[in-house]
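Q: Please take a close look at a single part of this predicted model, the sheet and what packs around it, and give a connected account.

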Amino acid sequence: MPDSIFKTTGTNLRDVLASHDLGEILYTSIDVAKYYHSAMVVNFFGDVIIPKFDFPYNNHGIDFLKKKIQTAQKKTQARKLFLGLESTGHYHENLVASLTASGYDVQVIRPIDSKNERDNMHAKTDAIDLAAIAKVIISNKGTRSHMPDPIYYNLQRASRTHRQLTYQETRTKNIITFIVDKTFTGLWNPEDSIFSDKWGKASLLFIENYPTPQQAIKLGVKRLAAFFRKHDTKLGMDTAKKIIQLAKITPARSLEEMESDIKALKAHIQVLRTLMSTISEQKKQMVKFLIQTPGIYLLSVSGIGVVYASDFTAEVGDIHRFAYAGQVISLAGTAPRKHQSGEVDKPNLPTSRKGKNLLRVTVNQMALSLNSHCPEYHSYYSKKHYQYKDTPGKARTATANKFIKLAFALMRNETLYYPRTGNPLIPEKEYYQSIWNKMKQKLTPYLCDEVSDNIPQDNYLTKIQRELEEKYGINT
């Protein structure tokens, strides 16, 4: 087949036009609102077949829309129908799901594309919007948004919820740290290292019950040690002594003056515990759906854990909808800009930053993790960091793009990571055994019986397990 200047959507349009007369094609444009939507039906030439009508988003409204479409099809003897609507926050998603379930081909376009088709940029009515949407579909302009299938949708929802809860957790921890610095100065000083983990069970129990030096001194060493033992912590007499010694030399305001601080501290600790528990549950949910996608192969790369693999897979979606890795790079907005005109070809331009912000944030974070944990990527990052001394951010972006190419290959080919620079003295069986052990280590905290029982047996993790057993005789 010869090359085409059209993208994939244009190729589809070419196929449709080649197999249908223009009079046999209809276009239904839908203007989405929160509760009531508007629609109209036109033909390829822009003639209005069914003028603008309104319908609510409920079963009766959907049936009414279908009847209007059927009327238009009978009237024109149309054999091909396109439906188009704008992506409007989350309001369009349920309507798209309902129409897709009914067998309609629904195209989701960007609001900016329909805006560009309006004759008057400063005029906006439902009728004008419907006409603009129809123009976009007929001319096949703009970019189509992607509606993920149920597995990727659920993974994306779990991933984004986890991300939002993590932000809240960080904010809550910052507030707690601020209050503790006021009520018990120096307690969480990293140089003293009284608590190995200030967000651990023992630390939170102590500041929740005895948040001031006065309360700690009044309790005493023996009763504080007994308190730690009572709550099944690993701390005992030595830690209790350190805390009391610190309390005796720490200046403190009166309890009356800190009354609201103490109550606020307890309230935020309760919120933190809820967030930590909920975040753990979200990670289990992410694993449940990650295992059902090729994104599970990303866990074979050092430095990529459950969260990163889930976030990347959730934002990219089905990898098979991309023809090559550069499309994923463009989706992330990490591709360098191009400016070429005549003899001018400007090099080293900044990245486009036009794409999915969450995906761009994810791959940049993954690049830093790979630099820290994956030898092959640490070498690459270091080389780029030296190359771009004045703009070190380019090293991170270059590493992110290199990983996207790797992730595309791993997910498309459904294969585990095997670095080119690996140790040739290590047999393949031994290498893949270690990779499998690392993957299990990453997944084990989240694969409880409740999660495992709800995962279909025919998933990508069992596929990896079966292939390793059959090909290398690995004990999984």
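A: In this predicted model, Leu83 has Val106 of S5 as its bridge partner. That pair belongs to the contact between strand S4 (residues 80-86) and S5, two strands that run parallel and are joined by four bridges. Taken as a whole, the sheet is open and made of five strands in the order S3-S2-S1-S4-S5, with mixed pairing. Its edges are formed by strand S3 (48-56) and strand S5 (106-109), each of which pairs on one side only, and from one strand to the next the twist averages 20°.

Two helices can then be placed against these strands. Helix H2 (residues 59-76) lies across strand S1 (25-31), strand S2 (36-43), S3 and S4, and runs at about 170° to S3. Helix H5 (residues 126-139) also packs on the sheet, where H5 touches S1, S2, S3, S4 and S5, and the direction of H5 makes about 135° with that of S1.

Farther along the chain, helix H13 (residues 325-332) offers a view of helix packing, its buried residues being Ala325, Val328, Ile329 and Ala332. Seen down the axis of H13, these buried residues fall within an arc of 100°, so they line one face of the helix. The cover over the buried residues of H13 includes helix H12 (306-316), helix H14 (357-373) and helix H16 (393-413). After H13 comes Gly333, whose phi is positive, near 75°.

Notes: Residues numbered from 1 in each chain as written. Predicted model: local features only at pLDDT ≥ 70, side-chain atom pairs only at ≥ 80, totals over all residues. Heavy atoms only, no water. Pairing = 2+ DSSP bridges. Axes fitted to C-alpha atoms, helices over the stretch in contact; angles between N-to-C directions. Contact = heavy atoms within 4.5 Å. Buried < 20%, exposed > 50% of the residue type's maximum accessible area, 1.4 Å probe, protein only. Arc of directions from axis to C-beta.
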